Amino acid sequence: MTTAPAADAAASLLAELVSAGVRDIVISPGSRSQALALAATHLARQGTVRVHVRIDERVAGFTALGLSRETRVPTAVICTSGTAAANLLPATMEAFHSGVPLLLLTADRPPELRGVGANQATVQPGLFGAFVRWQHDAPVPGDGDWDRLGARAIAAAMGASDQASGLLGVAGPVHLNLPSREPLSSALAADYRAEPGDAPRPVAEGALVLERGPRTIVVAGADAGPAAEEVSHAGSWPLVAEIVSGARFGRYVVHGYRGHLGDPVLGGRIERVIVLGHPTLSREVTALLRRDDIDIVAVRSGGEALDLNGRTRSAASVVVADGEADRAWLGAWMRASADSVVDLSETAPDQEGLHSTDLAARRDAMRAELAAVRRPLDRELLVDAVWRATWPHDRLMFGSSRLVRVADAVLGGKKVPVHSNRGLAGIDGTISTATGIAIASQAEGAAGVTRVVLGDLTFLHDVGALLLPPDEPKRRIQVIVGNDGGGTIFDGLEVAASAPREDLDRAFYTPQAVAIEQLATAYGWEYSRVTTRAALDQALTSPVPGPQIIEVPLPR
């Protein structure tokens with residue numbers, strides 16, 4: 001049987017990716033990419049890779065981002081030519097700024113059809129510009145081959161290339177532009193297989209040794225992970241951990257950190273800051289990192305080095321030198337932290353009153369308990385309920401909504417895997433990313449629920465992600481929508497005081513009255529609407545065996 005050069009090249013490339021450790025491929029349907037898609041589905045039937053199909057390339061890109069966020073292994077996303085490729089840009093930008101490995105496999109027209117007005121042909125080489133670690137416009141199969149493209153792409157995505165730019169060791173997206181001529185596909189050889197290889201490992205660089213001397217705090221931003229707590233513990237240094245860091249736990253985590261950073265006795269006496277991850281949630285941390293009188297060491301985690309003060313030192317990783325801890329410095333922070341703990345738990349029942357022989361006392365105790373059960377939900381109670389329901393085997397995703405800032409301000413310490421798209425802090429792709437996280441974290445029958453906390457506009461921005469293929473296993477995912485009817489996050493910005501109310505509503509709050517229940521029904525998701533803490537606790541701790549939307553009405 002004669003095979004199309006496009007089919008041979010696609011089969012060879014995907015086999016190489018699998019042997020280099022790729023385990024997940026996201027596909028959006030299209031004509032020019034058919035050889036790549038058929039090779040992927042062939043390998044999926046053999047159990048070599050997991051294939052996930054999404055009709056919207058923007059959703060596909062963020063789904064791949066979620067898979068890579070959870071596994072830290074590059075996920076390949078395949079699409080056809082034209083605007084399909086352009087729709088991968090938002091996820092690519094987020095992956096670049098967050099340091100998440102990603103493989104963009106964009107099919108393309110051959111060179112003779114570029115720039116001549118041919119159908120569905122545009123300028124795809126270089127499309128992602130500065131937001132990829134490496135890009136390559138491959139030859140048309142038959143004019144050249146795609147040998148070693150897979151291995152080179154994986155190495156670059158894991159941070160092994162581009163040493164001249166200072167990105168050695170930093171993961172990120174890679175773009176392979178793959179042109180082909182007709183015939184665009186043919187039957188694959190019956191013996192076509194791929195041998196799975198070990199997952200690729202991040203590129204390691206030497207660690208910067210930190211002496212103990214200066215008065216130091218550790219700041220953990222998005223994607224810092226447990227490494228931030230390890231540095232804090234090793235140095236006996238206070239840990240300022242954003243709620244999206246995955247590092248808000250341990251003996252030295254600081255509660256109410258925003259106020260303490262402005263305290264002259266605490267924040268005013270800081271001499272050194274060790275930063276892991278990407279801090280974005282508070283102006284107080286931003287102001288701290290802009291100070292030029294402090295030694296700031298930032299562990300490189302994304303495509304841009306953190307340097308808000310023009311003199312921040314960058315490091316691939318850090319270790320703490322032996323020596324005596326500054327117990328007075330740590331103690332001052334820990335005492336202030338203890339005084340700042342926010343307790344959002346419901347008032348404990350008055351057991352004595354409930355069992356009193358005094359009818360009036362028993363009646364008052366019953367009324368108090370009933371009032372607590374019926375207490376309307378606000379933002380603080382919502383995030384507290386989700387935090388208490390989530391455990392280490394679960395996953396928690398925060399959208400870039402007002403709720404994540406509330407959570408950052410009030411939630412205590414707990415070792416929970418947390419995700420968020422804070423590389424650029426956009427609201428797009430939140431549900432798609434969480435779906436990818438759920439797929440990866442629940443692979444091979446693993447336990448746990450993926451919970452997504454987001455506002456109504458963030459939810460509506462990615463509503464296309466609710467469309468899931470009927471043949472895909474149902475994942476345990478709860479999308480908790482805090483619905484206050486618009487973008488109330490703008491309440492905290494200058495525009496709230498400077499704009500006329502009519503303009504503020506129209507251009508910023510963008511009020512909406514979407515029937516979320518009907519959306520859930522249309523897409524086949526379970527739906528519940530809760531208005532009390534008791535009902536929310538029940539919904540969170542009794543997940544359905546599949547995707548679920550929990551709507552929580554909130555006051556404007």
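**Strand β3**

I began with the side chains of β3 in this predicted model, and I found that T75, V77 and C79 point one way from the strand while A76 and I78 point the other way, all of them buried. Since 5 of the 5 residues of β3 (residues 75–79) are buried, I noted the strand as largely enclosed by the rest of the structure.

I then looked up what pairs with β3. On one side I found strand β1 (residues 24–27), which pairs with β3 in the parallel sense over 3 bridges, and there V26 has V77 as its bridge partner in β3. I also found strand β4 (residues 102–108), whose pairing with β3 is parallel and runs over 5 bridges, with C79 standing opposite T106 in β4.

**The sheet that holds β3**

Next I followed the strands outwards, and I recorded an open sheet of 6 strands in the order β2-β1-β3-β4-β6-β5, with parallel pairing. Its edge strands are β2 (50–53) and β5 (134–137), each of which pairs on one side only. From one strand to the next I noted a twist that averages 15 degrees.

At the β2 edge I checked the link to β1: these two strands run parallel and are joined by 4 bridges, and the bridge partner of I25 in β2 is V51. I also asked which helix lies across β1, β2, β3 and β4. I found that this is helix α3 (residues 57–71), running at about 170 degrees to β3.

**The other sheet**

I turned to a further open sheet of 6 strands, for which I wrote down the order β15-β14-β16-β17-β19-β18, again with parallel pairing. Here β15 (418–420) and β18 (526–529) are the edge strands, each pairing on one side only. Direction ignored, neighbouring strands of this sheet are turned against each other by 20 degrees on average.

For the β15 edge I looked up strand β14 (residues 395–398), which pairs with β15 in the parallel sense over 3 bridges, and I noted H419 in β15 as the bridge partner of M397.

Two helices came up when I searched for what lies across these strands. Helix α13 (residues 379–389) lies across β14, β15, β16 (450–455), β17 (477–483) and β19 (547–553), and runs at about 170 degrees to β16. Helix α15 (residues 430–441) lies across β14, β15, β16 and β17, and its angle to β16 is likewise about 170 degrees.

**H97**

I looked at H97, which lies in helix α5 (residues 89–98), and asked whether this residue is buried or exposed. With a relative accessible area of 14%, H97 is buried, because the cut-off for that class is under 20%. Leaving aside its neighbours within four places in sequence, I listed F131, G302, G303, E304, G423 and L424 as the residues in contact with H97.

**Helices α1 and α6**

Last, I examined how helix α1 (residues 5–19) meets helix α6 (residues 149–157): their axes come within 8 Å and cross at roughly 40 degrees. I therefore entered α1 as oblique to α6, and I noted that α1 passes α6 in a right-handed crossing. The contact brings L13, E16 and L17 in α1 to L149, G150, A151 and I154 in α6. Sorted by character, the residues of this contact of α1 with α6 divide into 5 nonpolar, 1 polar and 1 charged.

Note on methods:
Residues are numbered from 1 along each chain as its sequence is written. This is a predicted model: local features need pLDDT of at least 70, side-chain atom pairs count only at pLDDT 80 or more; totals for chains, interfaces and linings use all residues. Side-chain values use heavy atoms; hydrogens and water are left out. Axes are lines fitted to C-alpha atoms, for helices over the stretch in contact, and angles run from 0 to 180 degrees between N-to-C directions. Angles under 35 degrees count as roughly parallel, over 145 as roughly antiparallel, 65 to 115 as roughly perpendicular and the rest as oblique. A crossing is left-handed if the near helix is turned anticlockwise from the far one by less than a right angle, and right-handed if clockwise. Contact means heavy atoms within 4.5 Å. Ala, Val, Leu, Ile, Met, Phe, Trp, Tyr, Cys and Pro count as nonpolar, Asp, Glu, Lys and Arg as charged, and the others, Gly among them, as polar. Two strands pair if DSSP finds at least two bridges between them. Buried means under 20% relative accessible area, exposed over 50%, partly exposed in between (1.4 Å probe, protein chains only).
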